[in-house]
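Student: Can we go through this structure together? I'd like to see how the labels follow from the values.

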Amino acid sequence: MEVEADVGAEQISSTSDALFGPLDILLLVALLGVGIWWLIRNRKKSDTLSSNGKSYSIQPTSMTLQTSTENSFIKKLKSSGRSLVVFYGSQTGTGEEFAGRLAKEGIRYRLKGMVADPEECDMEELVTLKTIPNSLAVFCLATYGEGDPTDNAMEFYEWLQSGDADLTGLNYAVFGLGNKTYEHYNQVAIYVDKRLEELGATRVYDLGLGDDDANIEDDFITWKDKFWPAVCDYFGIESTGEDFSMRQYRLIEYKEELPERIYTGEMARLHSLTNQRPPYDAKNPFLAKVKVNRELHKNGDRSCMHIEFDIDGSKMRYDSGDHIAVYPVNNAKLVEEIGRLTNVDLETVFTLLNTDEESSKKHPFPCPTSYRTALTHYLDITMNPRTHVLKELAEYCTDPAEKEKLKLMSSTSPEGKALYHQWIMDDNRTIVHVLEDLPSCKASLDHLCELLPRLQPRYYSISSSPKLYPNTVHITAVLVDYETPTGRRNQGVATSWLAVKQPNPDTEYTVPVFIRKSQFRLPTKPQTPIIMVGPGTGFAPFRGFLQERQFLKDEDKQVGESILYFGCRKRAEDFIYQDELEEYEKKNTVKLHLAFSRDQSNKVYVTHLLEKNLDEIWKVIGENNGHFYVCGDARTMAGDVHKTVLKAIMEKGQLNEQQATAFLKKMETQKRYSADVWS
């Protein structure tokens with residue numbers, strides 16, 4: 001065999017000699033040379049890019065150019081002589097606002113501070129923060145969804161969970177933003193506070209927990225008024241005792257020559273609303289056409305809208321159970337009223353420029369822009385103003401009584417808190433109402449633009465299935481419109497704006513939107529049985545679920561039992577999508593349990609119907625490994641439903657309370673018990 005191998009090798013060698021002549025060898029050398037040149041050229045490009053300290057980071061929804069220096073909060077602290085850094089995890093802007101207030105107040109306690117977004121920072125640098133004398137890290141973290149961190153705090157949260165960094169020497173404090181009507185109340189802040197201590201960090205002051213269902217402003221100021229003395233005691237420093245008002249932004253008004261770039265309502269990229277290009281997200285919403293806008297209520301004095309958005313061509317995809325975010329526009333009359341009360345020409349173009357050159361946030365919103373645009377698109381002018389806003393407004397009052405009233409409401413005294421709760425919260429006053437009721441308060445409009453929070457997108461559960469409507473998104477929204485104790489008419493920002501968008505052959509309406517993914521999902525196996533509890537507009541995602549299950553049935557797929565608990569006030573008034581539900585019932589796609597609370601003398605709610613059907617609940621979730629969903633009011637309904645399910649597990653599953661609680665907790669972990677609720 002060895003001889004045969006040698007003969008074969010000789011044959012191959014002779015064949016090779018025949019195949020490759022001098023010209024072939026020359027061509028091979030040339031190709032090799034070109035290849036080497038190409039590799040060297042690209043290596044140089046890569047080295048040049050690295051030497052500039054820049055790298056491209058492609059995210060799921062955007063591409064950003066970042067520099068390693070910009071991500072170093074330690075370098076920023078050292079270069080600007082600061083020792084306090086306040087990180088925020090914020091979904092709606094409140095956490096960021098609280099962080100800004102803490103950083104601003106630090107100057108009073110000889111702790112020059114800065115605000116930082118953990119998403120834009122290298123959070124591993126926390127291990128070296130101790131190298132800065134008297135350094136302190138504060139975390140204002142909101143809990144979002146089912147006990148999740150906010151989008152911008154996700155990476156930091158996961159780093160804490162999976163890492164084992166030595167944080168010895170790190171001084172910290174945590175304030176959480178949550179809502180007690182949700183099961184996982186302030187879970188993120190509680191975990192971060194505990195985890196930082198486990199990693200060796202030193203807690204300077206106790207964890208603060210804010211409840212947005214009650215009065216989160218009161219919770220925050222009560223916490224921080226004890227936090228600062230604890231900080232002073234820990235570091236051995238004293239307050240300057242000065243009551244100061246320090247502006248964060250410097251005003252530039254353009255009287256004659258206007259800048260080339262003027263924002264007209266865009267979230268980030270200039271002209272993004274006229275020059276649309278994907279991918280679409282929170283900073284780059286898609287202008288969706290309103291295809292349908294019809295009334296769902298048959299009678300009564302309330303309104304519920306069914307609206308369909310055309311997303312064809314957007315490349316946006318959604319699943320049943322996802323949310324669509326709508327960027328609303330403030331009422332033009334309210335905008336005009338603020339202009340009148342502050343005596344400002346709303347067409348004036350201006351910029352607010354951060355006085356802190358180290359800050360990554362150069363402007364509070366896209367600038368330069370006009371006052372009208374800022375009040376229309378960027379600022380929330382309808383929410384109840386927080387105490388720090390009232391404190392700043394007090395300085396503009398020429399009437400001593402009005403000035404004292406604002407100062408009292410911004411204080412932490414029991415009298416001040418009670419007055420704030422009654423005059424602002426209970427009477428539901430907005431910034432417009434405050435300025436109207438305190439005529440001597442001639443506030444500076446640019447200062448108001450700095451103080452007022454950003455106008456946030458409104459999220460709606462999608463009430464359609466992409467199986468039927470791949471290019472259309474449906475929502476179900478109740479029009480918010482009511483009279484306040486002061487006799488004024490308050491309207492929901494988004495719903496009142498959407499209500500007038502009635503498409504017709506002559507008029508086309510568009511709305512800036514983007515899709516937000518959800519964990520609220522149908523079982524992966526269609527044959528899995530499900531129970532859905534969704535009174536009122538809580539039915540919205542279940543409409544998509546039922547559309548999807550009907551679609552699968554029509555394709556002769558095996559589909560498990562679908563049971564719906566739906567409730568409203570009166571069958572003849574607000575039984576939304578009645579025809580659709582009754583049709584699904586005829587086709588045996590859904591089993592209906594209906595509660596009309598005001599159609600009889602004793603009020604009947606979905607929770608009452610659930611109480612009567614404990615056997616059914618256990619059969620689905622206990623015997624058949626089914627899924628249970630609840631959508632709607634978190635304050636009372638969702639909690640009552642949770643208790644009823646627990647009762648069914650105990651009584652019908654013959655488990656004690658501890659075992660039943662563990663069973664339900666496991667269901668939640670497996671995403672077999674899901675809640676999409678709001679308060």
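**Salt bridges and a helix pair**

Tutor: Sure. By the salt-bridge rule, the count comes to 39 salt bridges. Keep in mind that this is a predicted model.

Student: What makes Arg82 and Asp356 a salt bridge?

Tutor: The rule asks for a side-chain nitrogen of Lys or Arg within 4 Å of a carboxyl oxygen of Asp or Glu. For Arg82 and Asp356 the N to O distance is 2.3 Å, so the pair fits the rule.

Student: Where do the two residues sit in the chain?

Tutor: Arg82 is in the loop between α3 and β3, and Asp356 is in the loop between β14 and β15. They are 274 residues apart, so this pair links distant parts of the chain. Both Arg82 and Asp356 are buried.

Student: And how do you know that Lys224 forms a salt bridge with Glu105?

Tutor: Try the cut-off again: within 4 Å. The closest N and O atoms of Lys224 and Glu105 are 2.8 Å apart, so the label holds. This pair joins helix α7, which holds Lys224, to helix α4, which holds Glu105, across 119 residues. Lys224 and Glu105 are both buried.

Student: Which helices does the salt bridge between Arg543 and Glu580 tie together?

Tutor: Their side chains meet at 2.8 Å, N to O. Arg543 lies in helix α16 and Glu580 in helix α18, so the bridge ties together parts that are 37 residues apart in sequence.

Student: Why is Arg543 called buried?

Tutor: Buried means under 20% relative accessible area. Arg543 has 3% relative accessibility, so it counts as buried.

Student: Why does Glu580 get another label, partly exposed?

Tutor: Partly exposed covers the range between under 20% and over 50%. Glu580 is at 25% relative accessibility, so it counts as partly exposed.

Student: Which residues are linked in a network of salt bridges?

Tutor: Asp427, Arg429, Glu436, Asp437 and Arg488 are linked that way.

Student: Now the helices. Why are α8 and α9 called oblique to each other?

Tutor: They pack at an angle of about 135°, with their axes 10 Å apart. Roughly perpendicular stops at 115 degrees and roughly antiparallel needs over 145. The angle falls in neither range, so α8 and α9 are oblique. As for handedness, α8 passes α9 in a right-handed crossing.

Student: Which residues make the contact?

Tutor: Val335, Glu336 and Ile338 from α8 meet Arg372, Leu375 and Thr376 from α9. By class, that contact has three nonpolar, one polar and two charged residues.

Methods: Residues numbered from 1 in each chain as written. Predicted model: local features only at pLDDT ≥ 70, side-chain atom pairs only at ≥ 80, totals over all residues. Heavy atoms only, no water. Axes fitted to C-alpha atoms, helices over the stretch in contact; angles between N-to-C directions. Helix = DSSP H or I, 4+ residues; strand = E, 2+ residues; numbered from the N terminus. Parallel < 35°, antiparallel > 145°, perpendicular 65-115°, else oblique. Left-handed = near helix turned anticlockwise from the far one by under 90°. Contact = heavy atoms within 4.5 Å. Nonpolar A, V, L, I, M, F, W, Y, C, P; charged D, E, K, R; others polar. Buried < 20%, exposed > 50% of the residue type's maximum accessible area, 1.4 Å probe, protein only.
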